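Dear colleague,

Please find below the structure that I am handing over to you. My notes on it follow directly after.

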Amino acid sequence: MTSIFDLAAMLLTLSALFGWLNRRFLRMPHSIGLLVMGLLASLALVLADVAFPGQHLYQDLTRVLD
């Protein structure tokens with residue numbers, strides 16, 4: 001089960017990775033680049049949930065946030 005600490009660590013790691021990808025390839029302003037990357041990551045998760053309906057991708061996340 002994912003703890004709050006693990007969730008925070010994953011979010012910080014993804015933020016750093018998206019910031020690096022933006023600086024390296026997209027060269028958008030920082031806030032806009034992170035917003036675009038977050039939207040793309042969210043869209044990828046939604047598409048993965050639609051593609052694999054039998055898998056419960058958000059179950060751990062929902063349990064931690066509850």
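Which residues form a nonpolar patch on the surface? They are Leu14, Leu17, Trp20, Phe25, Leu26, Met28 and Ile32, with about 680 Å² of accessible area together. Areas come from the Shrake-Rupley method with a 1.4 Å probe, and for residues only the protein chains shown count as cover. Patch residues have over 30% relative accessible area and no salt bridge (a side-chain nitrogen of Lys or Arg within 4 Å of a carboxyl oxygen of Asp or Glu); nonpolar side chains (Val, Leu, Ile, Met, Phe, Trp, Tyr) are joined within 5 Å, and like charges within 9 Å.

This is a predicted model, in which local features need pLDDT of at least 70 and side-chain atom pairs count only at 80 or more, while totals for chains, interfaces and linings use all residues. Residues are numbered from 1 along each chain as its sequence is written, and side-chain values use heavy atoms, without hydrogens and water.

Helix α1 (residues 4–26) gives the largest share of the patch, five residues. Helices are DSSP runs (H or I, at least four residues), numbered from the N terminus. The 23 residues of α1 should span 33 Å at 1.5 Å a residue (1.5 Å times one less than the number of residues), and this agrees with its end C-alpha atoms, which are 31 Å apart.

Leu14 lies in α1 and counts as partly exposed because its relative accessible area is 39%, between the limits for buried (under 20%) and exposed (over 50%). Leu7, Phe18, Gly19 and Asn22 of α1 are buried. Just after this helix, Arg27 takes a positive phi of about 55 degrees.

Yours faithfully

Terms used
Helices (H or I, at least four residues) and strands (E, at least two) are DSSP runs, numbered from the N terminus. Buried means under 20% relative accessible area, exposed over 50%, partly exposed in between (1.4 Å probe, protein chains only).
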